[in-house]
Amino acid sequence: MATSSSRKRTAKSRPRAKPKAALAVIGVPPGAAALMAGILAKLNATLPEGAFDPARGGHAISPALQALAAEALAVTGEDGTGDEAAAALSARAAEILEADYGRAQVALIEDPQIAALLPLFGTAAATAGRQLRLLLVHDAGTPTGDLLAAEAATRGLSRCIIGLPLLARTPVESLAAAGRALDLSWPRSARSAEDEIAALLEGQPEPGTAEGALEIFARWQIAGEDPADHAALDALRGAPADEPAPSGAGDAAPTDLAALQAKLAEMEAALAESRSAEADARDRAEALSAELGALRQDVAEQETARNSLQMALQAEFRQAGERLEAEKAAHAATTDELAVMRSALTQREHERDDLHRELMAAIASREALERRQEESAARIAQLESRLDQNTRQLTALSRRAAAQVQKRVGAAQDLMDGAGGISFEEMLKQRDRQVDEARAEMDGLRAEIGRMESNAEHDGRIRSELKETLRRRETELVEQIAQRRALTRELDVARNEAARIRSQIADEQDNHDRATEALKAEHEKLVEELSRQSDEQRLRLEEWILAMENSTSWRATKPLRSVITMLRQRKS
């Protein structure tokens, strides 16, 4: 059995939209039309303002359209045709239709005057962008001649003929068949409004044995109009009256024994034929019951297969969802690991920048020390040159001083010997003082040279330490660069893995979507096929039952009538 969701999907799969329609309800007799308009109102057919006003006869028509219909009958005649006046009235009717119903899909109109103005209202509906549809309604007391005349007058138009007794018995099927015949989609389903429709049709008589025109109209009400029956209806319309149903006994009593025996033999033959027909009917009923049971079993099996398919599909959906969640979790883990690696790479880049700055500072310090070492070497060379120069000067001075001393000693000796003056000891003391000063200056120069050499050695040690630090920093920088390159390679691998996982997730999602669409399409086709087969079987069974109920053959329907009589007696 198809579910409501499958029916909704089946309905959504039909792309063709129904055209807007103006549905005119015509009663034969007119009183049946008001009841039918109330039933259609339960199906949410659009009614105008002021519909069912008792002051205007209780018809489903607006005051403006009712007044225009009366004016049209007075101006154009009973057939509603004319020249300029009819065209003007048709234009006014189109404007009233637009004002009364707007964009409603099914515009419901019911008034006895409409039956005489079908050409005018057909033109007005076309002008308003609607298609005129006719619904002929008859009840149990409708004369057959009037119904045949109404059928002939509306032949060729988009119409449907409904009998209220059969509608009371099969409201859902009759209204669904009417919608198919008129190419309409009721805004509300007849099944949802079945109780309200049954309340309106309460009191309708049971449909009796349909013969002639009523049998044709009853068959049309379920299976749709068949143009092949028009000739039979024309023949019936030309006949003086319907033939009465045959009775079970003769009209005149036999007068002699031979006649009675003949009549008895005829009745026994009729009884045998009736029993044979009853047996045939029972066989056909049993065959239909078996076929219906097989159909129900087939529907149950298909429903079981559909449920199994749906459960498998749901399981596959769950597995796909679990795989998707797992892939998402793996992707999240990869993303977290990628973030950690990016943070580590950023930290290493900061460390590399710090090492680079320290290396630049060490290079600058080494260059400064080299400049100081060069300046110290130049200063040492300068001092050594001065020391050599002073040594040479001191040596020369010593030699010259010794010669001068000897000269002076001799001269002084001579002078001392002659006139007296500075003594020799004083002159030696003065020389010693000069020598001491020269030595003190030499010691100062040596001390300064020693300090400069010590500074040079200290600068050399510092330069060696700086060179060692520089080599160590360079080694660390190379290692940092190698680690950065390794991290970059790992980051590229992680990015490629994340891209692969994203691509795999996208492929899984696409495959999942395609499988879902395919399974949905297959499920909808299966549901449509099951619904179509069920409808066909049900319609065939209903048509056979209706044909049996409305059959003109007195003998064929005798077993069914006897069963119905027995059931009624049991109910009473």
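A search of the whole structure turns up 16 salt bridges, and a few of them make good stops on this tour. Keep in mind as you click around that this is a predicted model.

**Stop 1: Glu71 and Arg92**

Select Glu71 and Arg92 and show their side chains. They meet in a salt bridge, with 3.3 Å from N to O. The two ends come from distant parts of the chain: Glu71 belongs to helix α3 (residues 63-76) and Arg92 to helix α4 (residues 84-101), 21 residues apart. Switch on the surface. Is this pair buried or exposed? Glu71 is partly exposed, with a relative accessible area of 33%, and Arg92 is partly exposed too, at 37%.

**Stop 2: Glu508 and Arg323**

Now jump to Glu508 and Arg323. Their side chains form a salt bridge at 3.8 Å, N to O. Colour helix α12 (residues 257-418) and helix α13 (residues 424-549) while you are here: Arg323 sits in α12 and Glu508 in α13, so this pair ties together parts that lie 185 residues apart in sequence. Glu508 has a relative accessible area of 34%, which puts it in the partly exposed class. Arg323, at 42%, is partly exposed as well.

Leave that pair for a group of charged residues elsewhere. Select Glu151, Arg155, Arg159, Glu225, Asp234 and Arg237 together: salt bridges with shared partners join these residues into one network.

**Stop 3: inside the network**

Stay with that selection and pick out Glu151 and Arg159. Their side chains meet in a salt bridge of 2.6 Å, N to O. Hide the surface for a clear view, since both Glu151 and Arg159 are buried. As general background, side chains of opposite charge can pair when their charged atoms come close.

**Stop 4: α6 against α11**

Glu151 also takes you to a helix packing. Select helix α6 (residues 144-153) and helix α11 (residues 230-238), whose axes come within 10 Å of each other and cross at roughly 135°. Why is the pair called oblique? The angle of roughly 135° falls outside the ranges for roughly parallel, roughly perpendicular and roughly antiparallel, the last of which needs over 145 degrees, so α6 counts as oblique to α11. Their crossing is left-handed.

Which residues meet here? From α6, show Leu148, Ala149, Glu151 and Ala152; from α11, show His230, Leu233, Leu236 and Arg237. Colour this contact by class and you should get 5 nonpolar, 1 polar and 2 charged residues.

**Stop 5: α10 against α11**

Keep α11 on screen and add helix α10 (residues 213-223). The axes of α10 and α11 come within 10 Å and cross at roughly 150°. That makes α10 roughly antiparallel to α11, and the crossing is left-handed.

For the contact itself, select Ala213, Ile216, Phe217 and Trp220 in α10, along with His230, Ala232, Leu233 and Leu236 in α11. How many charged residues does this contact have? By class, the contact of α10 with α11 holds 7 nonpolar residues, 1 polar and no charged ones. His230, Leu233 and Leu236 of α11 take part in the contact with α10 and also in the contact with α6.

**Stop 6: α2 and the residue after it**

Head back toward the start of the chain and select helix α2 (residues 31-42). Its buried residues are Ala32, Ala33, Met36, Ala37, Gly38, Ile39 and Leu40. A general point helps when you look down a helix like this: an α-helix has 3.6 residues a turn, so residues three or four places apart point the same way.

Next, click on Asn44, which follows α2. Asn44 is in the loop between α2 and α3. Check its backbone: phi is positive, about 65°, although Asn44 is not a glycine. Most residues other than glycine have a negative phi. At 43% relative accessibility, Asn44 is partly exposed.

**Stop 7: Asp183**

For another positive phi, go to Asp183, where the value is near 55° in a residue other than glycine. Asp183 is found in the loop between α8 (171-182) and α9 (194-200). With 22% relative accessibility, Asp183 counts as partly exposed.

**Last stop: the whole chain**

Zoom out and colour by secondary structure. The protein chain has 14 helices and 4 strands. Of its 572 residues, 28% count as buried. Among contacts in the chain with a separation of 6 or more, 80% are between residues 24 or more positions apart.

Notes. Residues numbered from 1 in each chain as written. Predicted model: local features only at pLDDT ≥ 70, side-chain atom pairs only at ≥ 80, totals over all residues. Heavy atoms only, no water. Salt bridge = Lys/Arg side-chain N within 4 Å of Asp/Glu carboxyl O. Buried < 20%, exposed > 50% of the residue type's maximum accessible area, 1.4 Å probe, protein only. Axes fitted to C-alpha atoms, helices over the stretch in contact; angles between N-to-C directions. Parallel < 35°, antiparallel > 145°, perpendicular 65-115°, else oblique. Left-handed = near helix turned anticlockwise from the far one by under 90°. Contact = heavy atoms within 4.5 Å. Nonpolar A, V, L, I, M, F, W, Y, C, P; charged D, E, K, R; others polar.
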